[in-house]
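Here are some short exercises to work through with the structure open beside you. Try each one before reading its solution.

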Amino acid sequence: MSDFELRERLTSRPDLADLHAYGAPQLDVAVRLNTNESPYPPPTAFMEDLAGRVAKLGLNRYPDRDFTALREGLARHVGTLTERLWAANGSNEVIQQLVQAFGGSERKVMTFEPTYTMHSHIARVSGTRLIRARRNPDYTMDPDASAEAIRLGRPEIVFLCSPNNPTGTVIPEETVAAICEAAPGLVILDEAYTEFSGGSLWRLVEEYEHLVSVRTFSKAWRLAGARIGYMVAQPSVIEEVMKVRLPYHLSSLTQAAGLTALDHAEELSATVETMRHERDRLWNELSTTKGITAFPSQANFVLFRCESIPAPEVWRRLLDRGVLVRDFSSTPGCDGCLRVSAGTAEQGERFLEALSDSLRPTELSDIP
Ligand SMILES: Cc1ncc(COP(=O)(O)O)c(C=O)c1O
């Protein structure tokens, strides 16, 4: 059967016809600054302890389905109760489970765009109707306008992202509170980058019981490859999530990695300050570069607009020089924008040099 015949036979979901697979390029280049990972591998002591822990696992048996030790450890680390803690394979899976549990047909999700693309992607895949509300042009969120959008749309799920990806903007606590007051259903506060900002708002979960705070080991904790994310939520929210999760969703290997990470929490997060510093340095340099507008960021990346040369062309010229960043120029609200992750100081230098070269007019059409 030809590929064409197979596609004809397996009728795909019409509601997903215009959806593209998540596709941040994974290219083998010298300087990878496109997916906001840490440039620093976890310390040797962590890797050795993990190897020791893995060597003792009985992989012939299914893992502890309720990952009790990891939940207890995470709860202690955060400072909350074990029954308010839930984990999955990356925060993306936590979010997917939440949308499976609280979304679905006849229900609505509201996002405030531009924001993390997986929020709307997961909503659409689950068959939940999507309402895209907007942020201000400077990417801040107006508490009154946001609350009004929620009152009008009455979504069962509201997504917030702070610091926001791809803009780096923090949502102030008063705005999160105003949105919680207005929201009729679940509010998912995605705090994947919170360690690079002033700190998590997870304690609001105690005041607003329909709020959940979602966190990850992928960014500040340097463990993107381990796929561990978690949330702080009310036990009744977690009970609903348990209905949709797959049995034994957290493998013994993942649980071992999570427990080992908790033993090494301090060393793992020791690079946060260096990464913040690098983010600020990138922002300072970009802000004083002719032809670039840089947006303030509290995460481990900086979004910037290319004013003189089309962003896809700048992206390609950077890649030709061995530097991979993320192109957001086709995202509504981010026209002309690229996003660069804070890597090592040396990677930052290579990026800045490559950018300076890339912005030099090489063709008549580049001259504004
Ligand atoms: C805002 C935000 N949330 C969640 C994630 C997913 O992280 P993970 O699934 O690795 O925990 C990302 C990854 O880039 C992100 O930017």
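**Exercise 1.** What should the 14 residues of helix α14 (residues 345-358) span at 1.5 Å a residue, and how far apart are its end C-alpha atoms?

*Solution.* Keep in mind that this is a predicted model. The expected span is 1.5 Å times one less than the number of residues, so for α14 it comes to 20 Å. The end C-alpha atoms are 20 Å apart, which agrees.

**Exercise 2.** Find the buried residues of α14 and the elements that cover them.

*Solution.* Start with the list: Gly348, Phe351, Ala354, Leu355 and Ser358 are buried. They cover an arc of only 130° around the axis, which puts them on the same side of α14. A general rule helps here: an α-helix has 3.6 residues a turn, so residues three or four places apart point the same way. Now turn to the face directed away from the buried side, where you meet the exposed residues Glu346, Glu353 and Ser356. Finally, look at the cover over the buried residues, which includes β1 (31-32), α12 (272-287), α13 (311-320), β11 (323-324) and β13 (337-341).

**Exercise 3.** Trace the open sheet of 7 strands and name its edge strands.

*Solution.* Follow the order β2-β8-β7-β6-β5-β3-β4, in which the pairing is mixed. The edges are β2 (85-88) and β4 (129-134), each of which pairs on one side only. From one strand to the next, the twist averages 25°. At the β4 edge, strand β3 (residues 108-113) pairs with β4 in the parallel sense over 6 bridges, and Thr111 has Arg132 in β4 as its bridge partner. Helix α6 (residues 143-153) lies across β3, β4 and β5 (157-161), and runs at about 155° to β3.

**Exercise 4.** Is β5 largely enclosed or open, and which way do its residues point?

*Solution.* Count first: 5 of the 5 residues of β5 are buried, so the strand is largely enclosed by the rest of the structure. Next, sort them by direction: Ile157, Phe159 and Cys161 point one way, while Val158 and Leu160 point the other way. That fits a general pattern: in a regular strand the side chains alternate between the two faces of the sheet. Then check the neighbours. β3 and β5 pair in the parallel sense over 2 bridges, with Ile157 in β5 as the bridge partner of Val109. β5 also pairs in the parallel sense with strand β6 (residues 186-190), over 5 bridges, and here Ile157 stands opposite Leu186.

**Exercise 5.** Describe how helix α4 (residues 91-102) packs against helix α9 (residues 235-244).

*Solution.* Take the angle and the distance: the helices pack at about 95°, with their axes 8 Å apart. Angles of 65 to 115 degrees count as roughly perpendicular, and α4 and α9 are therefore roughly perpendicular to each other. At the contact, Gln97, Leu98, Gln100, Ala101 and Phe102 in α4 meet Glu240, Val241, Lys243 and Val244 in α9.

**Exercise 6.** Work out how strand β10 (residues 301-306) is covered and paired.

*Solution.* Begin with burial: 5 of the 6 residues of β10 are buried, so to speak of it as mostly covered is fair. Strand β9 (residues 292-294) pairs with β10 in the antiparallel sense over 3 bridges, and Ile292 stands opposite Cys306. β9 and β10 form a hairpin with 6 residues between them. β10 also pairs with β13 in the antiparallel sense, over 5 bridges, and there Arg305 has Cys337 as its bridge partner.

Technical notes
Residues numbered from 1 in each chain as written. Predicted model: local features only at pLDDT ≥ 70, side-chain atom pairs only at ≥ 80, totals over all residues. Helix = DSSP H or I, 4+ residues; strand = E, 2+ residues; numbered from the N terminus. Buried ≥ 20, exposed ≤ 12 C-beta atoms within 10 Å, placed from the backbone. Arc of directions from axis to C-beta. Contact = placed C-beta atoms within 7 Å. Pairing = 2+ DSSP bridges. Axes fitted to C-alpha atoms, helices over the stretch in contact; angles between N-to-C directions. Parallel < 35°, antiparallel > 145°, perpendicular 65-115°, else oblique.
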